[in-house]
Structure formats: structure tokens, C-alpha cells
Amino acid sequence: MPKIIVEIMPKQDLLDPQGKAVANALTRMGNKDISGVRIGKRIELHFDREVTDKDLEEAKKQAKEFLSNDVIEDVVAVTVEN
Amino acid sequence: MRIGVITYPGTLDDRDAQRAVRLAGGTPVPLWHADDDLKKVDAVVLPGGFSYGDYLRCGAIAAKAPATKEVIKKAQQGLPVLGICNGFQVLVESHLLPGGLIRNEHQHFICRDQKLRVENNQTAWTNLFEKDEEIIIPLKIGEGGYIATEDTIKMLEEENRVVFRYLELNPNGSMNDIAGLTNERGNVVGLMPHPEHAVEPGFGPDTAVATRSGIDGLKFFQSALKALVNS
């Protein structure tokens with residue numbers, strides 16, 4: 001299925017409580033070499049036809065304005081998988 | 001005076017907010033998220049809860065609802081708007097207030113009677129408080145940590161736009177102990193704690209005088225009514 005994939009991460013300098021909790025659990029399970037975990041989001045936008053440049057442009061706009069909040073998150077990638 | 005209260009899918013405290021408006025002497029008007037008709041109300045409350053299940057980000061989907069779009073438009077023209085808890089998150093996601101709200105630093109949901117200091121009594125929702133008055137209203141929140149860029153924090157402090165600050169305990173890691181904010185004009189106020197749960201003796205926080213006698217939240221709604229009469 002053709003899709004646009006939007007990847008979003010919490011900003012580097014912000015505390016990511018979810019990542020911290022998972023990192024603590026991994027350490028408890030014996031993964032001593034994992035020094036940190038950060039958890040972001042992958043959002044897939046599905047299409048019943050091929051993705052166009054216009055779709056990608058609109059997806060990038062929505063990624064910035066709606067799918068992410070630039071105060072707390074960064075859009076790290078918007079990619080097409082046709 | 002008619003004060004609208006918006007209900008989104010997943011809103012919890014709309015009835016409490018309506019009751020608070022009534023007890024303050026106003027007429028509550030229920031508003032529906034999907035309806036862009038604000039029914040000519042004189043002010044709007046965005047109540048607490050978990051609009052759209054907190055999907056995507058708290059308040060993010062509600063910020064795009066038809067009713068919210070109208071609120072944004074009218075707020076820019078001076079309509080008094082109060083956002084409580086999830087309503088505060090909606091105001092931030094709507095860019096009516098700057099910054100963002102993230103999961104509590106300690107990762108726990110917190111529910112307590114919270115002491116606050118009223119830092120700015122010049123807004124539409126705080127004009128009946130004394131400057132620096134200390135009040136207690138309930139707080140119940142999992143994602144109430146206020147964050148903003150250094151420049152934004154500096155601007156908020158310099159322009160006296162921090163309306164409420166947490167006292168004695170910062171419950172969620174908010175920068176500068178910020179519990180509530182206003183916009184440049186002072187008609188839009190957002191805060192994490194819940195004034196609508198401290199409006200009637202017998203149902204509010206405990207005070208030194210008697211258990212459950214705290215009604216510090218009532219003045220929020222009375223302030224709005226006063227601001228409307230004077231406008």
C-alpha cells in the first residue's frame with residue numbers, strides 16, 4: 001500500500017519520561033550497555049493510489065502544523081513508500 | 001451573562017464548569033465541539049477531561065474542532081476564554097497561549113488540593129482576586145508540566161503573563177512553577193488546576209475553617225461576569 005511515513009521525536013533537550021521508564025526497565029533486565037532510551041512516533045498516512053509530490057508537500061505541512069508540536073517535538077523524517 | 005462550556009468527545013468536567021457558572025450568577029450555555037455556532041455567548045470555558053482520548057497529543061485534535069476554530073477567532077477579538085486542565089492544553093495547541101505541556105516529571109498522575117499564588121489580577125478571569133492572593137483549588141493531572149523556550153519564559157515573566165504559580169510544591173516539574181498563563185490582552189487564561197471544583201461549600205478543598213469549605217474557584221467565574229458587565 002502506498003504510504004507517507006512521518007517520524008516524530010521528542011526534542012533532544014527535553015526529558016522523555018516514557019523513554020526514561022523503559023531505559024530503567026531495560027537496565028533491570030540486565031542490559032547494562034544501553035545508556036538511554038528515547039521514544040517517538042511513527043505515523044503512516046495510507047493512500048489507495050500512488051503518492052504524488054503534492055501529497056508529500058501537504059504531509060510535510062501537516063507534520064509540522066498538526067502531527068507534531070514544535071515546542072516539544074521534532075519531525076525527523078517524512079518519507080514516501082510507493 | 002451567558003458563558004458557553006464546550007463539550008468535546010472525552011470531556012469530563014463540562015457539567016462541573018456549567019454548575020460553577022450558575023453558582024457565580026451566570027447562565028451556562030452548553031456548546032458542542034462539532035458545531036461552529038457559539039450561540040452568541042459572552043465568554044467561553046474549555047473544561048477539563050481527555051478530549052479525543054488524548055490521542056496524538058493532549059488537546060491537539062480538540063484544537064482543530066469547528067467550535068475551537070470559532071473560539072480562536074473570537075478570542076483574538078477579546079472574547080474572555082478560560083481553559084482548565086485539558087482546556088489549557090487546547091489553548092496551547094491552538095497557539096492562543098505559548099509553550100507546551102508535557103507528562104509530569106515524576107511520571108505519575110497527581111491529584112491534590114493545590115496552593116497557588118495569583119500573580120496577575122488584571123485578567124478577565126482573576127480581577128476579583130488580590131494581587132499575590134494565595135488560593136487552594138484541586139489539581140488532577142498527568143500531563144501538566146509546562147515548558148517553553150528560554151525566550152518565551154523571559155517574555156512571559158517580563159510581561160506579567162504568569163497568572164498563577166504553584167506554591168509549596170511544584171507538582172509536575174513546570175518551568176518557573178507556572179500553573180497558569182494569560183495572553184497579551186488578558187482575556188484568555190489557561191491553568192492546570194480546577195477552579196470549577198471549588199465553588200460550593202461542602203464540596204471544595206479543606207480549609208483551616210472547616211473541611212471541604214474551600215470556594216476559591218468561584219471568583220474565577222465571578223471575575224468574568226464582572227469583566228463582562230464593565231466592558
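The following exchange concerns chain B of a predicted model and the surroundings of one of its strands.

Biologist: How many helices and how many strands are there in chain B, and why can the chain be called as compact as a globular protein of its length?

Modeller: Chain B holds five helices and 11 strands. Its radius of gyration is 16 Å, close to the 17 Å that the globule rule gives for 231 residues, so the chain is as compact as a globular protein of that length. The counts asked for are therefore five helices and 11 strands, and the reason is the radius of gyration of 16 Å.

Biologist: Is strand S10 of chain B mostly covered or mostly open, and how many of its residues are buried?

Modeller: A residue counts as buried if 20 or more other C-beta atoms lie within 10 Å of its own, and 56% of the 231 residues of chain B count as such. Strand S10, residues 178–182 of chain B, is mostly covered, the number of its buried residues being five of five.

Biologist: Which strands pair with S10(B), and in what sense?

Modeller: On the side of strand S9 (residues 162–166) of chain B, three bridges make an antiparallel pairing with S10(B), in which B:Val162 stands opposite B:Leu181. Strand S11 (residues 188–191) of chain B also pairs with S10(B) over three bridges, and there B:Gly180 has B:Leu191 as its bridge partner. The partners are S9(B) and S11(B), and the sense is antiparallel.

Biologist: Which residue in the turn of the hairpin formed by S10(B) and S11(B) has a positive phi?

Modeller: Five residues lie between S10(B) and S11(B) in this hairpin. Within that turn, a positive phi of about 85° belongs to B:Gly186.

Definitions and conventions
Residues are numbered from 1 along each chain as its sequence is written. Chains are lettered from A and ligands numbered from 1 in the order in which they are written. This is a predicted model: local features need pLDDT of at least 70, side-chain atom pairs count only at pLDDT 80 or more; totals for chains, interfaces and linings use all residues. A residue is buried if 20 or more other C-beta atoms lie within 10 Å of its own, exposed if 12 or fewer, and partly exposed in between; C-beta atoms are placed from the backbone. Helices (H or I, at least four residues) and strands (E, at least two) are DSSP runs, numbered from the N terminus. Two strands pair if DSSP finds at least two bridges between them. The radius of gyration is taken over C-alpha atoms; the globule rule is 2.2 Å times the number of residues to the power 0.38.
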